[in-house]
Amino acid sequence: MSGLPHSRTPSFVATCTVFLLSAVGCGRSDIAKVSGTVTWQGKPVPDAIVEFVPANRPGAVGRTDAAGRYSLTTLKPGDGAFVGPVRVIVQPFVPGNDPDKPPPSPQTRPPEPPSRTDIPDRYRTADKTPLTAEVVAGKKNQFDFELAQ
């Protein structure tokens, strides 16, 4: 025996330190900040929902502002998107379907998306969109998308 009580042995202290650091959360290495712009014919696309859809994880969403700029949220506001390859969806923002607010109740039918020529149909679903991105940990993930007919 070393003479030290069990609770103070070096391996016990190291284990507790690792546990506490992981519990406190020094930042997630599997999520990276993502921002960018969406344009159509060289002009900003305001009030659009941008969604990064990974294969096996929750997606990240953001809403474009008047200048077409967005930043993404996955678990907490502005945290970004999961690292890895994603398909990118761009849809019209529909009042009542705000990604920053709880979804409407099941009894309330969501409104129909507005008709918008600045977001062609092919960008609106994961199975049709030609847009892709690769989110990389520790790098500036700036993705600018120019939508085309």
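Salt bridges in a predicted model

Arg124 is buried, with a relative accessible area of 17%. This value falls on the buried side because the cut-off for that class is under 20% relative accessible area. The model in which Arg124 sits is a predicted one. The side chain of Arg124 has a salt-bridge partner, Asp121, and the closest N and O atoms of the two are 3.7 Å apart. Asp121 has a relative accessibility of 57% and counts as exposed. This bridge therefore joins a buried arginine to an exposed aspartate. The pair qualifies as a salt bridge because the limit between nitrogen and carboxyl oxygen is 4 Å.

The structure holds 5 salt bridges by this rule. Two others can be followed here.

One of them links the side chains of Asp47 and Arg63, with 2.8 Å from N to O. Asp47 belongs to the loop between strand S3 (43-44) and strand S4 (48-53), whereas Arg63 is part of strand S5 (residues 60-63), so the contact ties together parts that are 16 residues apart in sequence. As for exposure, Asp47 is partly exposed at 34% relative accessibility. Arg63 is also partly exposed, at 34% relative accessibility.

The other bridge is formed by the side chains of Arg69 and Asp65, where N and O are 3.0 Å apart. Arg69 has a relative accessible area of 49% and is classed as partly exposed. That class applies because exposed means over 50%. Asp65, with a relative accessible area of 28%, is partly exposed too.

Technical notes: Residues are numbered from 1 along each chain as its sequence is written. This is a predicted model: local features need pLDDT of at least 70, side-chain atom pairs count only at pLDDT 80 or more; totals for chains, interfaces and linings use all residues. Side-chain values use heavy atoms; hydrogens and water are left out. Helices (H or I, at least four residues) and strands (E, at least two) are DSSP runs, numbered from the N terminus. Buried means under 20% relative accessible area, exposed over 50%, partly exposed in between (1.4 Å probe, protein chains only).
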